[in-house]
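Please open the model in your viewer and keep the sequence panel beside it, since each stop below begins with a selection to make. The tour goes from one selection to the next and says what can be found at each.

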Amino acid sequence: NGWQWEEADVYGWDCIDAEEERAHAAVAASAAAAAGDGDDNDAVHDAAGLADDKVRANKMKPPLSRTKKSGGGGAIGTLEGWRYSADFSATALQKASTKKSPLHFVRRRRLVRHRVFDPSQFLRDEIRLQCDHCDSETINDISQKLLEVLSIATLLQTDVQHNLTDAAGLKLKEKLIEELHIGGEVPPYLLRVDSQTRIRSLCNELDKFPQKTASILSKTSMFNRSEVVRDGLSDRMGEIAARFMCREERDELAKLVIRHLDTPDFVLHCPNRKCGDACEFCPTKCPNVGCDVCESRKYMAHHQDSCGYKIVDCSNRCGKKIARNKMKIHLSGECELRDASCPFRGMGCPAVVL
């Protein structure tokens, strides 16, 4: 019997005790038995044994730093039914069936456990309870840096087919979050510089993360690996964003970094509590139809000066209002006051008239 672990979302194991785990497994086994999925005793015995394995695995797994178990009851893990295959090879598992046949010699079930994000485990209350709004440009820079370095690190860890397992990706993600040192002590030399310099210093340190976590094989063949990284980085960044570190998650981590390193300067975030939409760092969506830009309110006026979707007057003063990104089309073929060649140009007249 095989057990496949799948971690969803971000931060720490939400474990339940042995008795609750066994009870949950027994309920699932009873339901399977009632549906005619094998012998009742065998099903209950298998479920109890697997519950013991899960509890032992949870006890053996070291806890993540700054994580918090969720309160309340309920099933933390989501159990799926048995799937049967010839063996545990990747090819066989892709063809696994919900019904057993004489050609199936192994079976497996999947347990999905969710990780819970709790900002109070990262920052002190006097920092955590400040206004949640931060500088949008700095958020974007940190968010993009996290995606880039994690993508490179996974490329240096994977095989020649670039196969990335959940176990490898999530382990590197955990290490990357620890490299942010959110809530940790800021080195004295960084206290003597401004917060923007502190964040640039952190980003420079993050650039070293892929090398620090690279396998020995990767380090011995770094020249060949550099080609792998260059050729596969774009696709891997898309995969990381979809499977391991979505944009919303990276942005929340970036906010924690900013609030940690920007205190007490308050250049990149607001020190007030619940200041709402009046905050200069409040995320503000561009009001122009078709534009999906969302920036800190302090940048919106500058964005309006260049937004392609903003409706502006025709530069020829024909009286019509046109979206800025369609002005060239209007001036070249629609504007009544556009320049036009003389109808007798073909006969040699060079005049250009309105």
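## Starting at a loop glycine

Begin by selecting Gly-308, which lies in the loop between H13 and S7. Bear in mind throughout that this is a predicted model. Now add Lys-326 to the selection and draw a distance between the two C-alpha atoms: Gly-308 and Lys-326 are 18 residues apart in sequence, and their C-alpha atoms are 8.0 Å apart in space. If neighbours within four places in sequence are set aside, the residues in contact with Gly-308 are Ala-323, Arg-324 and Asn-325.

## Helix H13 and its two faces

From Gly-308, step back to helix H13, residues 297-304, and colour its buried residues, which are Tyr-299, Met-300, His-303 and Gln-304. Turn the view until you look down the axis of H13; the buried residues fall within an arc of 140°, so they line one face of the helix. On the face turned away from that buried side, select Ala-301 and His-302, which are exposed. To see what the buried residues of H13 pack against, display helix H5 (136-155) together with strand S5 (283-285) and strand S6 (294-296).

## From H5 to H8

Keep H5 on screen and add helix H8, residues 195-206: the axes of the two helices come within 10 Å and cross at roughly 10°. Angles under 35 degrees count as roughly parallel, and H5 is therefore roughly parallel to H8. Show side chains for the residues that make the contact, which on H5 are Thr-138, Ile-142, Lys-145, Leu-146 and Val-149, and on H8 are Ile-199, Cys-203 and Leu-206. Coloured by residue class, the residues of this contact of H5 with H8 divide into six nonpolar, one polar and one charged.

While H8 is displayed, select Ser-201, which has its place in this helix. Is Ser-201 buried or exposed? Its relative accessibility is 18%, and because buried means under 20%, Ser-201 counts as buried. Apart from neighbours within four places in sequence, Ser-201 is in contact with Tyr-189 and Leu-190.

## A cysteine in a loop

Next, select Cys-246 in the loop between helix H11 (222-243) and H12. Cys-246 is partly exposed, with a relative accessible area of 32%. Add Leu-147 and draw another C-alpha distance: Cys-246 and Leu-147 are 99 residues apart along the chain, while their C-alpha atoms are separated by 8.8 Å.

## Backbone geometry to inspect

The remaining selections concern the backbone, and one general point is useful beforehand: most residues other than glycine have a negative phi, and most peptide bonds are trans.

Go to Pro-264, in the loop between helix H12 (247-261) and S5. The peptide bond that leads from Thr-263 to Pro-264 is cis, with omega near 10°.

Then select His-181, which is placed in the loop between helix H6 (166-179) and helix H7 (188-191). Phi of His-181 is near 55°, a positive value in a residue other than glycine. With a relative accessibility of 49%, His-181 counts as partly exposed.

The last residue to select is Arg-317, in the loop between strand S7 (311-313) and strand S8 (321-323). Arg-317 is not a glycine, yet its phi is positive, at about 60°. Its relative accessibility is 75%, and Arg-317 accordingly counts as exposed.

## Zooming out

Finally, clear the selections and display the whole chain, in which there are 14 helices and 10 strands. Of the 354 residues in the chain, 38% are buried. Among contacts between residues at least 6 apart in sequence, 65% join residues at least 24 apart. If you switch on a surface, the accessible surface of the chain comes to about 20,700 Å², and 53% of it belongs to carbon and sulfur atoms.

Conventions: Residues are numbered from 1 along each chain as its sequence is written. This is a predicted model: local features need pLDDT of at least 70, side-chain atom pairs count only at pLDDT 80 or more; totals for chains, interfaces and linings use all residues. Side-chain values use heavy atoms; hydrogens and water are left out. Buried means under 20% relative accessible area, exposed over 50%, partly exposed in between (1.4 Å probe, protein chains only). Helices (H or I, at least four residues) and strands (E, at least two) are DSSP runs, numbered from the N terminus. The arc is that of the directions from the helix axis to the C-beta atoms. Contact means heavy atoms within 4.5 Å. Accessible areas come from the Shrake-Rupley method with a 1.4 Å probe; for residues, only the protein chains shown count as cover. Axes are lines fitted to C-alpha atoms, for helices over the stretch in contact, and angles run from 0 to 180 degrees between N-to-C directions. Angles under 35 degrees count as roughly parallel, over 145 as roughly antiparallel, 65 to 115 as roughly perpendicular and the rest as oblique. Ala, Val, Leu, Ile, Met, Phe, Trp, Tyr, Cys and Pro count as nonpolar, Asp, Glu, Lys and Arg as charged, and the others, Gly among them, as polar.
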